[in-house]
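I kept these notes while going through the model, one stop at a time. Pull up the viewer and follow along.

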Amino acid sequence: MPRTTAGTVPKLQHHKATGQARVTIAGRDYYCGRWGSKEAIAKYHRLLGEFFNSHGAPPVTEGRAPAPAAPPDDTGVHVVNVSPAGVRVAPVTQPTDLAVCICDIAARYLLHAETYYRDVRGRKTSSYDGARMAIRALEPYFDVPAIEFGPLRLQSMRALLVEQGRPRVTCNRVVKAVRRLFKWAASQELIPSSVSDALATVDPLLAHRTTAPELPPVKPVADEVLEATIVHLPKVVADMARLHRLTGARPSELCSMRPCDVDRSDPEVWEYRPETHKNTWRGEERVIHIGPKAQTILKPYLERPADAFCFSPQESEAARHKEQRARRKSPVQPSQRNRRKKNPKRPPSDRYTRDSYRRAVQRAAEMAGVEKWFPNQLRHSVGTEIRKLFGIEASQTRLGHKSLDVTQVYAERNLKLSRDVAHKIG
(Lines give C-alpha, C1' and ligand atoms only; values in the text may rest on other atoms or scores of the structure.)
Protein backbone atom coordinates (compact mmCIF):
# COMPACT_ATOMS: atom_id res chain seq x y z
CA MET A 1 0.00 0.00 0.00
CA PRO A 2 1.44 3.44 -0.88
CA ARG A 3 2.23 5.79 1.93
CA THR A 4 0.00 8.73 2.75
CA THR A 5 1.24 12.00 1.27
CA ALA A 6 2.66 14.33 3.87
CA GLY A 7 0.24 17.05 4.96
CA THR A 8 -2.92 15.13 4.02
CA VAL A 9 -5.61 13.94 6.43
CA PRO A 10 -5.47 10.18 7.13
CA LYS A 11 -8.55 8.43 5.76
CA LEU A 12 -10.68 5.77 7.36
CA GLN A 13 -10.19 2.39 5.69
CA HIS A 14 -12.05 -0.91 5.75
CA HIS A 15 -9.97 -3.72 7.22
CA LYS A 16 -11.76 -6.66 5.57
CA ALA A 17 -9.95 -9.34 7.55
CA THR A 18 -11.52 -8.20 10.81
CA GLY A 19 -14.47 -6.17 9.46
CA GLN A 20 -13.30 -3.11 11.37
CA ALA A 21 -12.62 0.49 10.42
CA ARG A 22 -8.93 1.31 10.53
CA VAL A 23 -6.93 4.54 10.24
CA THR A 24 -3.17 4.89 10.03
CA ILE A 25 -1.75 7.89 11.90
CA ALA A 26 1.98 8.57 12.08
CA GLY A 27 2.75 5.04 10.92
CA ARG A 28 0.55 3.34 13.47
CA ASP A 29 -2.79 1.59 12.91
CA TYR A 30 -5.80 2.42 15.06
CA TYR A 31 -8.92 0.24 14.95
CA CYS A 32 -12.12 2.19 15.53
CA GLY A 33 -14.75 -0.53 15.64
CA ARG A 34 -17.19 -2.12 13.21
CA TRP A 35 -16.94 -0.69 9.70
CA GLY A 36 -19.80 1.67 8.87
CA SER A 37 -20.97 2.14 12.46
CA LYS A 38 -21.50 5.53 14.06
CA GLU A 39 -19.14 4.56 16.87
CA ALA A 40 -16.32 4.00 14.35
CA ILE A 41 -16.90 7.41 12.73
CA ALA A 42 -16.98 9.13 16.12
CA LYS A 43 -13.78 7.44 17.24
CA TYR A 44 -12.09 8.31 13.95
CA HIS A 45 -12.92 12.02 14.35
CA ARG A 46 -11.74 11.95 17.95
CA LEU A 47 -8.42 10.45 16.91
CA LEU A 48 -7.97 13.10 14.23
CA GLY A 49 -8.77 15.87 16.70
CA GLU A 50 -6.19 14.65 19.20
CA PHE A 51 -3.67 14.11 16.40
CA PHE A 52 -4.03 17.67 15.06
CA ASN A 53 -3.97 19.13 18.55
CA SER A 54 -0.69 17.34 19.37
CA HIS A 55 0.94 18.70 16.16
CA GLY A 56 1.61 15.33 14.65
CA ALA A 57 2.13 13.18 17.74
CA PRO A 58 -0.12 10.08 17.61
CA PRO A 59 -2.90 9.85 20.22
CA VAL A 60 -2.10 7.83 23.26
CA THR A 61 -5.48 7.33 24.90
CA GLU A 62 -7.60 6.03 22.05
CA GLY A 63 -7.54 3.56 19.19
CA ARG A 64 -5.37 0.75 20.44
CA ALA A 65 -4.51 -1.90 17.88
CA PRO A 66 -6.22 -5.26 18.30
CA ALA A 67 -2.97 -6.79 19.52
CA PRO A 68 -3.13 -7.68 23.23
CA ALA A 69 -2.19 -4.77 25.43
CA ALA A 70 0.59 -4.97 27.97
CA PRO A 71 -0.62 -5.89 31.45
CA PRO A 72 -0.97 -3.08 33.96
CA ASP A 73 1.87 -2.46 36.33
CA ASP A 74 1.64 -1.73 40.05
CA THR A 75 0.50 1.84 39.40
CA GLY A 76 -2.54 0.70 37.43
CA VAL A 77 -1.59 1.98 33.99
CA HIS A 78 -1.29 0.35 30.58
CA VAL A 79 1.70 0.91 28.29
CA VAL A 80 0.26 2.31 25.07
CA ASN A 81 3.24 3.84 23.25
CA VAL A 82 6.96 3.42 23.61
CA SER A 83 9.43 6.02 22.32
CA PRO A 84 13.21 6.37 22.57
CA ALA A 85 12.67 9.03 25.20
CA GLY A 86 10.69 6.73 27.44
CA VAL A 87 7.30 5.16 27.98
CA ARG A 88 4.05 7.12 27.43
CA VAL A 89 1.20 5.87 29.57
CA ALA A 90 -2.46 6.63 30.07
CA PRO A 91 -4.62 5.89 33.11
CA VAL A 92 -7.03 3.00 32.96
CA THR A 93 -10.54 4.44 33.09
CA GLN A 94 -13.41 2.00 32.94
CA PRO A 95 -16.72 3.87 32.89
CA THR A 96 -19.17 2.61 35.44
CA ASP A 97 -22.94 2.54 35.27
CA LEU A 98 -23.03 5.77 37.27
CA ALA A 99 -20.77 7.62 34.81
CA VAL A 100 -22.73 10.09 32.66
CA CYS A 101 -21.53 10.14 29.05
CA ILE A 102 -21.39 13.29 26.97
CA CYS A 103 -24.22 12.04 24.75
CA ASP A 104 -26.53 11.97 27.81
CA ILE A 105 -25.61 15.51 28.81
CA ALA A 106 -25.98 16.72 25.21
CA ALA A 107 -29.49 15.25 24.92
CA ARG A 108 -30.62 16.84 28.19
CA TYR A 109 -29.05 20.20 27.33
CA LEU A 110 -30.76 20.26 23.93
CA LEU A 111 -34.14 19.81 25.61
CA HIS A 112 -33.25 22.65 27.97
CA ALA A 113 -32.11 24.89 25.10
CA GLU A 114 -35.32 24.33 23.11
CA THR A 115 -37.38 25.96 25.84
CA TYR A 116 -34.85 28.37 27.35
CA TYR A 117 -33.40 30.09 24.27
CA ARG A 118 -36.58 31.72 22.94
CA ASP A 119 -37.68 35.33 22.53
CA VAL A 120 -40.94 36.88 23.68
CA ARG A 121 -42.73 35.54 20.59
CA GLY A 122 -41.59 31.99 21.25
CA ARG A 123 -39.08 31.85 18.40
CA LYS A 124 -35.71 30.19 18.93
CA THR A 125 -32.80 32.58 19.26
CA SER A 126 -29.26 32.35 17.89
CA SER A 127 -28.08 30.88 21.20
CA TYR A 128 -30.09 27.77 20.37
CA ASP A 129 -28.20 27.48 17.09
CA GLY A 130 -24.97 27.81 19.08
CA ALA A 131 -26.05 24.95 21.34
CA ARG A 132 -26.66 22.73 18.31
CA MET A 133 -23.25 23.65 16.90
CA ALA A 134 -21.63 22.64 20.19
CA ILE A 135 -23.43 19.30 20.25
CA ARG A 136 -22.42 18.53 16.67
CA ALA A 137 -18.80 19.30 17.53
CA LEU A 138 -19.00 16.96 20.53
CA GLU A 139 -20.31 13.99 18.51
CA PRO A 140 -16.88 12.28 18.31
CA TYR A 141 -16.81 12.29 22.12
CA PHE A 142 -20.36 11.07 22.77
CA ASP A 143 -19.19 7.79 24.29
CA VAL A 144 -16.67 9.49 26.60
CA PRO A 145 -17.65 9.96 30.26
CA ALA A 146 -18.30 13.64 30.84
CA ILE A 147 -15.94 13.79 33.82
CA GLU A 148 -13.06 12.80 31.49
CA PHE A 149 -13.63 15.66 29.04
CA GLY A 150 -10.91 18.07 30.08
CA PRO A 151 -9.04 21.02 28.56
CA LEU A 152 -6.88 18.82 26.29
CA ARG A 153 -9.89 17.14 24.74
CA LEU A 154 -11.58 20.52 24.30
CA GLN A 155 -8.50 21.73 22.45
CA SER A 156 -8.51 18.53 20.36
CA MET A 157 -12.11 19.19 19.40
CA ARG A 158 -11.22 22.76 18.42
CA ALA A 159 -8.18 21.55 16.45
CA LEU A 160 -10.46 19.36 14.37
CA LEU A 161 -12.69 22.37 13.62
CA VAL A 162 -9.62 24.32 12.51
CA GLU A 163 -8.51 21.46 10.29
CA GLN A 164 -11.97 21.43 8.69
CA GLY A 165 -11.43 25.05 7.68
CA ARG A 166 -13.78 26.71 10.15
CA PRO A 167 -13.08 30.43 10.71
CA ARG A 168 -11.45 31.50 13.96
CA VAL A 169 -14.53 33.30 15.26
CA THR A 170 -16.65 30.21 14.59
CA CYS A 171 -14.19 27.99 16.47
CA ASN A 172 -14.30 30.37 19.44
CA ARG A 173 -18.09 30.46 19.33
CA VAL A 174 -18.31 26.66 19.38
CA VAL A 175 -15.84 26.40 22.28
CA LYS A 176 -17.81 29.01 24.22
CA ALA A 177 -21.03 27.07 23.62
CA VAL A 178 -19.38 23.84 24.79
CA ARG A 179 -18.28 25.59 28.00
CA ARG A 180 -21.85 26.78 28.48
CA LEU A 181 -23.10 23.21 28.05
CA PHE A 182 -20.78 21.84 30.74
CA LYS A 183 -21.55 24.74 33.04
CA TRP A 184 -25.25 23.91 32.79
CA ALA A 185 -24.48 20.25 33.47
CA ALA A 186 -22.57 21.25 36.60
CA SER A 187 -25.51 23.39 37.76
CA GLN A 188 -27.76 20.33 37.42
CA GLU A 189 -25.27 18.25 39.43
CA LEU A 190 -24.69 15.91 36.50
CA ILE A 191 -20.93 16.45 36.71
CA PRO A 192 -18.59 17.97 39.30
CA SER A 193 -18.12 21.72 39.02
CA SER A 194 -14.37 21.12 38.70
CA VAL A 195 -14.94 19.81 35.14
CA SER A 196 -16.57 23.07 34.05
CA ASP A 197 -13.93 25.15 35.86
CA ALA A 198 -11.13 23.26 34.09
CA LEU A 199 -12.66 23.92 30.65
CA ALA A 200 -12.74 27.65 31.46
CA THR A 201 -8.93 27.66 31.48
CA VAL A 202 -8.80 27.19 27.69
CA ASP A 203 -8.15 30.60 26.14
CA PRO A 204 -9.85 31.56 22.86
CA LEU A 205 -7.94 31.61 19.60
CA LEU A 206 -6.35 34.99 18.92
CA ALA A 207 -6.17 36.69 15.56
CA HIS A 208 -3.10 35.85 13.46
CA ARG A 209 -1.88 33.39 16.11
CA THR A 210 -3.58 30.33 14.70
CA THR A 211 -3.95 28.55 11.37
CA ALA A 212 -7.72 29.09 11.45
CA PRO A 213 -8.78 31.44 8.64
CA GLU A 214 -9.90 34.97 9.40
CA LEU A 215 -13.21 36.30 8.10
CA PRO A 216 -12.90 39.45 5.98
CA PRO A 217 -13.91 42.66 7.78
CA VAL A 218 -17.44 43.89 7.15
CA LYS A 219 -17.37 47.09 5.12
CA PRO A 220 -20.10 49.69 4.47
CA VAL A 221 -22.09 49.45 1.26
CA ALA A 222 -21.52 52.25 -1.24
CA ASP A 223 -24.68 54.15 -2.15
CA GLU A 224 -24.00 53.45 -5.83
CA VAL A 225 -24.02 49.70 -5.16
CA LEU A 226 -27.21 50.04 -3.12
CA GLU A 227 -29.05 51.94 -5.87
CA ALA A 228 -27.92 49.45 -8.52
CA THR A 229 -29.24 46.59 -6.40
CA ILE A 230 -32.56 48.25 -5.60
CA VAL A 231 -33.44 48.35 -9.31
CA HIS A 232 -33.69 44.54 -9.32
CA LEU A 233 -35.50 44.19 -5.99
CA PRO A 234 -39.27 43.84 -5.53
CA LYS A 235 -40.85 47.08 -4.36
CA VAL A 236 -41.42 45.85 -0.81
CA VAL A 237 -37.81 44.70 -0.36
CA ALA A 238 -36.51 47.83 -2.12
CA ASP A 239 -38.37 50.01 0.40
CA MET A 240 -36.97 47.87 3.21
CA ALA A 241 -33.43 48.50 1.95
CA ARG A 242 -34.02 52.26 1.65
CA LEU A 243 -35.50 52.40 5.15
CA HIS A 244 -32.62 50.28 6.42
CA ARG A 245 -30.10 52.73 5.00
CA LEU A 246 -31.77 55.65 6.76
CA THR A 247 -32.46 54.11 10.18
CA GLY A 248 -29.51 51.74 10.72
CA ALA A 249 -31.81 49.18 12.36
CA ARG A 250 -30.86 45.55 12.67
CA PRO A 251 -32.33 43.36 9.88
CA SER A 252 -34.44 41.42 12.40
CA GLU A 253 -35.80 44.68 13.86
CA LEU A 254 -36.76 45.89 10.40
CA CYS A 255 -38.49 42.62 9.48
CA SER A 256 -40.57 42.55 12.68
CA MET A 257 -41.89 46.12 12.38
CA ARG A 258 -45.63 46.57 12.99
CA PRO A 259 -47.82 49.71 13.01
CA CYS A 260 -48.57 49.26 16.72
CA ASP A 261 -44.83 49.49 17.48
CA VAL A 262 -44.44 52.92 15.84
CA ASP A 263 -45.23 55.98 17.97
CA ARG A 264 -46.35 58.81 15.63
CA SER A 265 -47.34 61.32 18.30
CA ASP A 266 -44.45 63.59 17.27
CA PRO A 267 -44.93 64.34 13.56
CA GLU A 268 -41.30 65.37 13.07
CA VAL A 269 -39.62 62.24 14.45
CA TRP A 270 -41.40 58.95 14.97
CA GLU A 271 -40.24 56.37 17.51
CA TYR A 272 -40.14 52.68 16.70
CA ARG A 273 -39.87 50.33 19.70
CA PRO A 274 -39.40 46.71 18.57
CA GLU A 275 -41.30 44.15 20.58
CA THR A 276 -38.15 42.03 20.68
CA HIS A 277 -34.53 42.78 19.84
CA LYS A 278 -31.03 41.53 20.52
CA ASN A 279 -30.83 42.82 24.10
CA THR A 280 -34.40 42.14 25.18
CA TRP A 281 -33.24 39.44 27.59
CA ARG A 282 -31.13 42.08 29.37
CA GLY A 283 -34.22 44.19 30.04
CA GLU A 284 -32.99 47.04 27.80
CA GLU A 285 -35.30 49.18 25.69
CA ARG A 286 -34.57 49.78 22.01
CA VAL A 287 -35.82 52.99 20.40
CA ILE A 288 -35.28 53.65 16.68
CA HIS A 289 -36.04 57.21 15.58
CA ILE A 290 -37.58 57.67 12.15
CA GLY A 291 -37.02 61.00 10.42
CA PRO A 292 -38.93 62.70 7.58
CA LYS A 293 -37.23 60.81 4.72
CA ALA A 294 -37.82 57.45 6.36
CA GLN A 295 -41.41 58.42 7.21
CA THR A 296 -42.18 58.96 3.52
CA ILE A 297 -41.06 55.41 2.75
CA LEU A 298 -42.76 53.80 5.74
CA LYS A 299 -46.11 55.63 5.72
CA PRO A 300 -47.86 53.43 3.07
CA TYR A 301 -46.96 50.28 5.02
CA LEU A 302 -48.63 51.54 8.21
CA GLU A 303 -52.09 51.48 6.61
CA ARG A 304 -52.95 47.97 7.81
CA PRO A 305 -54.07 46.25 11.03
CA ALA A 306 -52.02 47.41 13.98
CA ASP A 307 -50.63 43.96 14.76
CA ALA A 308 -49.82 43.01 11.13
CA PHE A 309 -46.25 43.10 9.89
CA CYS A 310 -45.37 46.03 7.67
CA PHE A 311 -43.26 44.10 5.17
CA SER A 312 -44.99 40.93 4.01
CA PRO A 313 -43.79 38.43 1.36
CA GLN A 314 -47.45 37.64 0.65
CA GLU A 315 -48.06 41.21 -0.48
CA SER A 316 -44.79 41.24 -2.41
CA GLU A 317 -45.72 38.06 -4.31
CA ALA A 318 -49.23 39.37 -5.02
CA ALA A 319 -47.80 42.61 -6.43
CA ARG A 320 -45.29 40.66 -8.54
CA HIS A 321 -48.02 38.44 -10.03
CA LYS A 322 -50.17 41.50 -10.74
CA GLU A 323 -47.29 43.18 -12.54
CA GLN A 324 -46.62 40.06 -14.59
CA ARG A 325 -50.30 39.86 -15.57
CA ALA A 326 -50.25 43.53 -16.61
CA ARG A 327 -47.22 42.98 -18.86
CA ARG A 328 -48.80 39.96 -20.52
CA LYS A 329 -49.58 40.55 -24.20
CA SER A 330 -51.48 37.38 -25.07
CA PRO A 331 -55.04 36.87 -23.74
CA VAL A 332 -55.44 34.96 -20.49
CA GLN A 333 -57.02 31.56 -20.96
CA PRO A 334 -59.72 30.46 -18.47
CA SER A 335 -57.47 27.69 -17.16
CA GLN A 336 -54.71 30.23 -16.47
CA ARG A 337 -56.73 32.77 -14.50
CA ASN A 338 -55.87 31.15 -11.21
CA ARG A 339 -52.99 28.66 -11.31
CA ARG A 340 -52.11 28.82 -7.65
CA LYS A 341 -51.74 25.54 -5.82
CA LYS A 342 -54.33 24.81 -3.18
CA ASN A 343 -51.81 23.48 -0.67
CA PRO A 344 -48.32 24.68 -1.64
CA LYS A 345 -45.40 23.15 0.22
CA ARG A 346 -43.85 26.56 0.93
CA PRO A 347 -46.56 29.23 1.06
CA PRO A 348 -45.38 32.85 1.38
CA SER A 349 -44.98 33.96 4.98
CA ASP A 350 -46.67 36.96 6.57
CA ARG A 351 -43.30 38.57 7.33
CA TYR A 352 -39.78 38.67 6.02
CA THR A 353 -37.00 37.15 8.06
CA ARG A 354 -33.41 38.26 8.09
CA ASP A 355 -32.55 35.19 5.97
CA SER A 356 -35.22 35.77 3.31
CA TYR A 357 -34.31 39.47 3.28
CA ARG A 358 -30.64 38.59 2.78
CA ARG A 359 -31.37 36.10 -0.02
CA ALA A 360 -33.48 38.65 -1.90
CA VAL A 361 -30.72 41.27 -1.65
CA GLN A 362 -28.02 38.86 -2.82
CA ARG A 363 -30.08 37.70 -5.81
CA ALA A 364 -30.66 41.30 -6.83
CA ALA A 365 -26.96 42.15 -6.42
CA GLU A 366 -26.06 39.24 -8.69
CA MET A 367 -28.56 40.41 -11.30
CA ALA A 368 -27.16 43.95 -11.08
CA GLY A 369 -23.62 42.69 -11.64
CA VAL A 370 -22.26 44.26 -8.46
CA GLU A 371 -20.39 42.65 -5.59
CA LYS A 372 -22.57 40.66 -3.23
CA TRP A 373 -23.38 42.37 0.02
CA PHE A 374 -25.42 41.65 3.13
CA PRO A 375 -28.23 43.83 4.56
CA ASN A 376 -26.33 44.13 7.84
CA GLN A 377 -23.65 46.09 5.98
CA LEU A 378 -26.13 48.96 5.76
CA ARG A 379 -25.72 49.35 9.53
CA HIS A 380 -22.03 49.87 8.92
CA SER A 381 -22.85 52.53 6.32
CA VAL A 382 -25.13 54.37 8.76
CA GLY A 383 -22.65 54.08 11.63
CA THR A 384 -19.77 55.40 9.55
CA GLU A 385 -21.79 58.34 8.21
CA ILE A 386 -23.09 59.37 11.65
CA ARG A 387 -19.62 59.09 13.19
CA LYS A 388 -18.20 61.48 10.60
CA LEU A 389 -20.99 64.01 11.10
CA PHE A 390 -21.83 63.79 14.82
CA GLY A 391 -19.18 61.66 16.55
CA ILE A 392 -18.86 58.16 17.94
CA GLU A 393 -21.40 58.61 20.75
CA ALA A 394 -24.13 59.62 18.30
CA SER A 395 -23.33 56.53 16.25
CA GLN A 396 -23.55 54.39 19.38
CA THR A 397 -27.03 55.62 20.31
CA ARG A 398 -28.29 55.39 16.73
CA LEU A 399 -27.14 51.78 16.30
CA GLY A 400 -28.30 50.76 19.78
CA HIS A 401 -24.96 49.49 21.09
CA LYS A 402 -24.30 49.02 24.78
CA SER A 403 -20.59 49.91 24.57
CA LEU A 404 -18.43 52.05 22.33
CA ASP A 405 -16.18 49.09 21.58
CA VAL A 406 -18.93 47.48 19.52
CA THR A 407 -19.61 50.76 17.72
CA GLN A 408 -15.94 50.91 16.74
CA VAL A 409 -16.51 47.76 14.69
CA TYR A 410 -19.52 49.19 12.84
CA ALA A 411 -18.34 52.78 12.32
CA GLU A 412 -15.09 53.20 10.43
CA ARG A 413 -12.70 55.86 11.61
CA ASN A 414 -12.70 59.24 9.92
CA LEU A 415 -9.25 59.09 8.31
CA LYS A 416 -9.94 62.35 6.49
CA LEU A 417 -9.84 64.17 9.84
CA SER A 418 -6.42 62.73 10.58
CA ARG A 419 -5.24 63.72 7.09
CA ASP A 420 -6.41 67.33 7.59
CA VAL A 421 -4.56 67.49 10.92
CA ALA A 422 -1.39 66.22 9.31
CA HIS A 423 -1.76 68.74 6.49
CA LYS A 424 -2.07 71.67 8.90
CA ILE A 425 0.50 70.83 11.54
CA GLY A 426 2.91 68.88 9.34
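**Entry 1: the sheet at the start of the chain**

Which residue in strand 2 is the bridge partner of Q13? I looked it up, and the partner is R22. Before going further I noted for myself that this is a predicted model.

Q13 belongs to strand 1, which covers residues 13-15. I found strand 1 and strand 2 paired in the antiparallel sense, over three bridges. The two strands make a hairpin with four residues between them. In that turn I checked G19, and its phi is positive, about 70°.

Next I followed strand 2 (residues 20-25) to its other partner, strand 3. Six bridges join these two, again in antiparallel fashion. I picked out two of the facing residues: Q20 has R34 as its bridge partner in strand 3, and T24 stands opposite D29. This is a hairpin too, with two residues between the strands. Here A26 in the turn has the positive phi, about 55°.

Put together, the three strands form an open sheet in the order 1-2-3, with antiparallel pairing. Why is one side of strand 1 and of strand 3 left without a neighbour in the sheet? Both stand at the edges and each has a single partner strand, so one side of each stays unpaired in the sheet. I also wrote down the twist, which averages 40° from one strand to the next. A reminder to myself for side-chain placement: in a regular strand the side chains alternate between the two faces of the sheet.

**Entry 2: the other three-stranded sheet I visited**

I then moved to strands 6, 7 and 8, which form an open sheet in the order 6-7-8 with antiparallel pairing. Strand 6 (262-263) and strand 8 (288-290) are its edge strands, each pairing on one side only. Strand 7, residues 270-272, pairs with strand 8 over three bridges. Within that pairing I found W270 opposite I290.

Just before strand 6 I stopped at D261, in the loop that follows helix 9 (251-255). Is D261 buried or exposed? Its relative accessible area is 11%, so D261 is buried. Leaving aside neighbours within four places in sequence, I listed its contacts as S256, E271, Y272, R273 and E275.

For contrast I looked at E303, in the loop between helix 10 (292-298) and helix 11 (313-327). E303 has a relative accessible area of 65%, so it counts as exposed. I also took its C-alpha distance to P259: the two are 44 residues apart in sequence and 7.9 Å apart in space.

**Entry 3: the nonpolar cores**

Which residues touch the most other members of the largest nonpolar core? This core has 38 residues, and the answer is F149, M157, V178 and F182. The elements giving two or more residues to it are helix 2 (102-116), helix 3 (126-137), helix 4 (151-163), helix 5 (168-187) and helix 6 (193-199). Helix 5 gives the most, with 10 residues.

I zoomed in on M157. Not counting residues up to four places away in sequence, M157 touches A137, L138, Y141, V174, V175 and V178. Apart from this core lies another, of 35 residues, with V225, A249, L298 and W373 among them.

**Entry 4: cysteines**

How many disulfides does a search of the whole structure find? It finds zero. For C101, the nearest cysteine sulfur is that of C103, 5.1 Å away. A disulfide needs the two sulfur atoms within 2.5 Å, so this pair does not qualify. C101 is buried at a relative accessible area of 19%, and C171 is buried at 0%.

**Entry 5: a helix pair, then the overall tally**

I took the axes of helix 8 (residues 235-247) and helix 13 (residues 377-390), which come within 7 Å and cross at roughly 30°. The crossing is right-handed. On the helix 8 side, A241, H244 and R245 do the meeting. On the helix 13 side I noted L378, R379, S381, V382 and E385.

Last, the tally: the protein has 16 helices and eight strands. Of its 426 residues, 39% count as buried. Among contacts between residues at least 6 apart in sequence, 58% join residues at least 24 apart.

Methods. Residues are numbered from 1 along each chain as its sequence is written. This is a predicted model: local features need pLDDT of at least 70, side-chain atom pairs count only at pLDDT 80 or more; totals for chains, interfaces and linings use all residues. Side-chain values use heavy atoms; hydrogens and water are left out. A nonpolar core is a set of buried Ala, Val, Leu, Ile, Met, Phe, Trp, Tyr and Cys residues joined through side-chain atoms within 4.5 Å. Buried means under 20% relative accessible area, exposed over 50%, partly exposed in between (1.4 Å probe, protein chains only). Contact means heavy atoms within 4.5 Å. Two strands pair if DSSP finds at least two bridges between them. Axes are lines fitted to C-alpha atoms, for helices over the stretch in contact, and angles run from 0 to 180 degrees between N-to-C directions. A crossing is left-handed if the near helix is turned anticlockwise from the far one by less than a right angle, and right-handed if clockwise.
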